[in-house]
Structures are given as C-alpha cells and as structure tokens.
Amino acid sequence: MNRIIVIGGGFSGLTIANKLTKKARKYDLDITLIEPKDHNFYEPDLVFYAFNNKKMSKLYKLMHKLVKKKVNLIGMRAKKVETEKKKVILEDGTVLYYDYLILATGVKYIEKDFKYSEQQHIHNFYSPSATEKFRQMIKRFNGGTIVISPSTVPYKCPPDSEEFTFILDSYLKKRKLRDKTTIKFLYPLSVPFTVKEAAVVVAEMYKKRGIEFVPYCNYEKVDIKNNKFISFEGEEIEYDELVLLPIHEGQDVIKESGLGDKEGYIPTDKFTLQVKGHPNIYAIGDCTDLLLLKLVLFPTILHLQS
Amino acid sequence: MKDIKEKSLSLIFTICHFSSRESLNDGCALLCHNRGIHKLKKMSKEEISISIDARGSYCPGPMIELIKAIRQAEVGEVVELLSSEEGSLSDIPAWIEKAKHELVAIIKEDGYNRFLVRKKR
Ligand SMILES: Cc1cc2nc3c(=O)[nH]c(=O)nc-3n(C[C@H](O)[C@H](O)[C@H](O)COP(=O)(O)OP(=O)(O)OC[C@H]3O[C@@H](n4cnc5c(N)ncnc54)[C@H](O)[C@@H]3O)c2cc1C
C-alpha cells in the first residue's frame with residue numbers, strides 16, 4: 001500500500017486528494033487529508049461581496065460534503081513534518097507515516113505592528129470578517145479619500161485589487177458620491193499590474209475614471225493617529241479609509257519542518273511540483289515559492305482566455 | 001583616489017542608463033575592457049553584503065527580490081542583484097531613484113546585468 005498524506009484542504013489540497021481517489025485502486029493508494037477547518041470557503045467572491053448584501057454563509061461549504069469517501073479526512077492541524085522518518089506529527093501528538101506527502105497549506109496573513117482588524121479606518125477583503133467590516137463602512141461612506149494598497153508583492157490574487165478598485169469606482173458613481181471621493185491606488189511596481197501589457201490598459205482606464213495611481217509604493221507602516229500610509233520608499237499618503245491587503249507568509253508547519261525559504265514558501269520545481277531536495281514530497285498552490293510566478297502567469301492566462 | 005575612481009565609474013554607469021538602454025549596452029561593452037571596471041567588479045565583491053541571483057526570473061521577480069534585500073540590509077551596505085530580465089534596466093534605476101538609494105553600478109555580464117545598490121536610508 002502507498003500511503004499519501006495531503007496537508008491542507010483548501011482548493012489545492014481538496015482537489016488533489018479527490019483526484020487521487022480515481023487512481024486509488026490501480027496504484028493501491030491510501031489517501032489522508034489533514035485539514036483543521038470543518039468548511040471550505042470560496043474567497044474569490046469576496047471582491048463582490050464587499051459591495052452587496054448577500055449572506056456570507058453562501059460562500060461556505062462543509063468539508064465532509066466536499067471530500068470523496070475514499071479520502072480519510074482528519075480534522076486537525078499538522079504541527080511538524082519529519083522528512084527523514086517520513087512522518088507527520090499532528091497538534092495532539094498523533095503521528096502519521098507516509099510514503100508520499102503533498103503540502104497544500106496556503107499562506108497565512110501577518111499583521112505587522114498592530115491588529116489591522118481592530119482599526120476603524122483600515123480594511124481589506126481577504127476574509128469574511130474584514131469584508132463585512134468594509135461593507136458596513138462603505139454603506140455609511142459620504143465622501144473623502146479612499147486609498148487602496150496590496151501592501152507588497154507577492155500576494156494571492158494579482159488582479160483582485162484592480163478589480164476591487166473598478167467596482168468601488170462604479171459603486172460610488174451609482175451612489176452619486178464619486179465627485180466627493182478621491183480614489184488612490186498604490187502599487188509596489190512601476191505600473192498598476194504585474195503584466196506590463198495589461199498594466200497599460202489598466203493605467204489608461206484608471207486615468208479615464210479619475211483614479212489616481214501611485215507607482216513604487218511598498219507598504220512600510222501606517223501612522224494611525226494621522227491616518228497616513230507610509231511607504232518603504234518614504235512617501236506619506238493621507239487617507240480617510242485605507243484598504244490594505246494583508247502581508248502573506250508561509251505557514252508555521254512549513255517553517256518549523258525546515259521545508260520553507262525565509263518567508264516560509266516551499267522551494268518547488270515549477271514543472272513537476274516536487275519539493276526541491278525531497279523526491280517523495282510535492283507542494284501545490286499558494287504555499288509554494290511559485291506564488292511569484294503566479295503573479296506573472298495567472299494574469300497572463302486570464303488575459304489570453306479573455 | 002580609489003574612492004573617486006569608483007564614484008566616477010558609478011556615475012558613468014548611471015548616466016549610461018538614464019540616457020538610453022542602447023547607450024547603456026554600448027557603454028558597458030566599452031567599459032568592460034577598461035581596467036577600472038575590473039577593479040570595480042573585484043572591489044565590489046568584497047563590499048557586497050547581500051547577493052541575489054534572480055537570473056531566469058520573470059518580471060517583476062528581480063525587482064521584488066531587490067526590494068526584499070534592501071529591506072534586510074543595513075544603511076550603507078551594498079546589495080548585488082543579478083538579473084537577465086530586460087525590464088530591470090528601466091524599473092530598477094527608477095525604483096532606486098524614488099526610494100532614494102544609490103545605484104552604484106550596472107555591470108553588463110554575459111547574458112545578464114549586475115546591479116549594485118547601496119542602501120542610503
Ligand atoms: C479576494 C480574493 C479573490 C481571489 N480571486 C481569485 C480568482 O478569481 N481566481 C483564482 O484562481 N484565485 C483567486 N484567489 C486566490 C485563491 O483563492 C487562492 O489562490 C487559493 O485559495 C489557494 O488555494 P490553496 O489550497 O493553495 O490555499 P488555501 O485555500 O489557503 O488552503 C490552505 C489550507 O491549508 C490549511 N492549513 C494551513 N496550515 C495547516 C496545517 N498546519 N495543518 C493542516 N492544514 C493546514 C488551511 O486551513 C487551509 O484550509 C483569490 C483570493 C482572494 C483572497
């Protein structure tokens with residue numbers, strides 16, 4: 001029997017575990033999925049939910065309903081991987097042995113200096129609670145300066161901050177607040193998108209819609225007292241409301257198992273998804289160091305598809 | 001004296017860049033045969049605090065790697081970045097200018113460029 005353990009049951013882990021069941025009989029596979037959450041959450045819709053009144057509960061699906069029967073689902077967090085002994089230690093001390101390991105742990109968000117979620121005028125749309133907070137604010141909003149920043153690259157979804165900015169612009173127009181609002185889009189690079197060809201189009205559309213673009217603006221800190229975004233490049237930008245995407249990092253289990261780089265992303269072969277230096281370990285999704293490649297390829301693919 | 005030579009070389013490289021990409025390439029090719037540039041290459045190796053090999057990385061990879069390294073470096077330290085990505089030649093000097101660091105030199109190597117950047121603040 002070939003024991004396969006998948007750590008992380010987000011889109012990547014869930015898909016791979018379910019797909020492997022099709023090969024289970026042929027290759028005599030025993031598939032285990034480790035995921036502490038009892039639900040899966042469809043986060044791409046948060047961009048739209050920020051501006052509508054739909055119930056967030058629509059975005060949740062229970063894990064046990066999504067996982068195929070042949071997959072052993074373990075509702076716990078993996079604490080550590082010991083690669084030499086081919087074992088995974090769970091948070092309660094249980095030890096599981098594998099022949100092949102698949103890492104699909106995604107990223108974690110880090111809050112630098114202070115808890116953003118507790119700040120009245122700082123928002124994001126990367127979690128249901130933060131999106132709900134933004135919703136409440138934008139309903140009451142009566143004009144002012146809204147600043148949008150993806151903090152720094154890489155981040156999960158390259159086009160979402162531009163998408164969000166365009167929707168915000170239309171939303172404010174509908175509410176006849178656009179004339180009373182300045183929208184500033186701060187971006188870490190020279191152009192407002194990761195792919196230059198598409199960035200030219202975005203830049204033109206921003207200009208047409210009166211959205212101010214600030215290039216080379218990497219997040220350093222926020223002066224909460226004075227409502228100022230301060231960039232690593234030394235610029236100070238005032239806001240009434242700040243939409244600041246969280247900074248990403250790899251998960252602790254990856255770092256503690258010595259499988260990640262400095263930021264906890266897993267060095268992964270871009271063709272085979274094999275973890276570099278570990279022939280029987282694979283990594284998929286946001287946890288890999290290919291997140292940066294996604295910045296380039298993902299928008300390009302979308303662009304070509306459209 | 002050594003210092004002045006270094007500074008003037010870095011100036012030439014910076015000027016080469018800002019005048020145009022073609023002139024940078026010509027300028028580098030010309031200066032690579034100059035004894036001064038060999039000296040700069042050798043000297044800077046000893047001075048470099050952080051070195052990043054971003055060759056083969058797509059845009060904006062090298063730029064991001066440089067920003068990360070500058071964040072880690074101490075003021076006064078030199079970061080070396082190797083990049084084979086064409087856009088780096090315009091993006092990196094523009095970012096350095098905005099962020100008020102110092103572009104010490106861009107050295108053209110075989111199939112890639114070496115950027116030497118000093119953290120100034
Ligand atoms: C607002 C927004 C819009 C987006 N729009 C799009 C889009 O339009 N198109 C698109 O392709 N992508 C989009 N994305 C990105 C997409 O959602 C992510 O790339 C995707 O969710 C990544 O999936 P993943 O499985 O790699 O990671 P995740 O979905 O983050 O899953 C990781 C899982 O690992 C689990 N885990 C972590 N640590 C451990 C541990 N120690 N032990 C066990 N389990 C663990 C977590 O609980 C989590 O369930 C968007 C993202 C956002 C936030």
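This is a short exchange on helix packing and the chain contact in a predicted model.

Modeller: Ground rules come first. Residues are numbered from 1 along each chain as its sequence is written, and chains are lettered from A in the order in which they are written. In this predicted model local features need pLDDT of at least 70, side-chain atom pairs count only at pLDDT 80 or more, totals for chains, interfaces and linings use all residues, and side-chain values use heavy atoms, without hydrogens and water.

Colleague: Why are α5(A) and α6(A) called roughly parallel?

Modeller: Helix α5 (residues 128–140) and helix α6 (residues 160–174) of chain A pack at about 30°, with axes 12 Å apart. Helices here are DSSP runs of H or I, at least four residues, numbered from the N terminus. Axes are lines fitted to C-alpha atoms over the stretch in contact, and angles run from 0 to 180 degrees between N-to-C directions. Under 35 degrees counts as roughly parallel. Therefore α5(A) and α6(A) earn that label.

Colleague: What makes up the contact of α5(A) with α6(A)?

Modeller: F134(A), I138(A) and K139(A) of α5(A) meet F164(A), L168(A) and Y171(A) of α6(A). Contact means heavy atoms within 4.5 Å. By class, there are five nonpolar, no polar and one charged. Phe, Ile, Leu and Tyr are among the nonpolar types, while Lys counts as charged.

Colleague: How do you know how α4(B) lies against α5(B)?

Modeller: Helix α4 (residues 61–72) and helix α5 (residues 88–99) of chain B pack at about 30°, with axes 10 Å apart. That makes them roughly parallel. The contact includes L66(B) and I70(B) of α4(B), and I92(B) and W95(B) of α5(B).

Colleague: What makes the crossing of α4(B) and α5(B) right-handed or left-handed?

Modeller: It depends on the turn of the near helix from the far one, by less than a right angle: anticlockwise is left-handed, clockwise is right-handed. α4(B) passes α5(B) in a right-handed crossing. By contrast, α6(A) passes α7(A) in a left-handed one.

Colleague: What makes the pair E220(A) and R71(B) a salt bridge?

Modeller: The closest N and O atoms are 2.8 Å apart. A salt bridge needs a side-chain nitrogen of Lys or Arg within 4 Å of a carboxyl oxygen of Asp or Glu, so the pair qualifies. Between chain B and chain A the count is four salt bridges.

Colleague: How much area do chain B and chain A bury between them?

Modeller: About 1,800 Å², 59% of it on carbon and sulfur atoms. Buried area is the accessible area (1.4 Å probe) that two parts lose on being put together, summed over both. Y58(B), R71(B) and K98(B) supply 34% of what chain B buries against chain A.

Note on methods. Helices (H or I, at least four residues) and strands (E, at least two) are DSSP runs, numbered from the N terminus. Angles under 35 degrees count as roughly parallel, over 145 as roughly antiparallel, 65 to 115 as roughly perpendicular and the rest as oblique.
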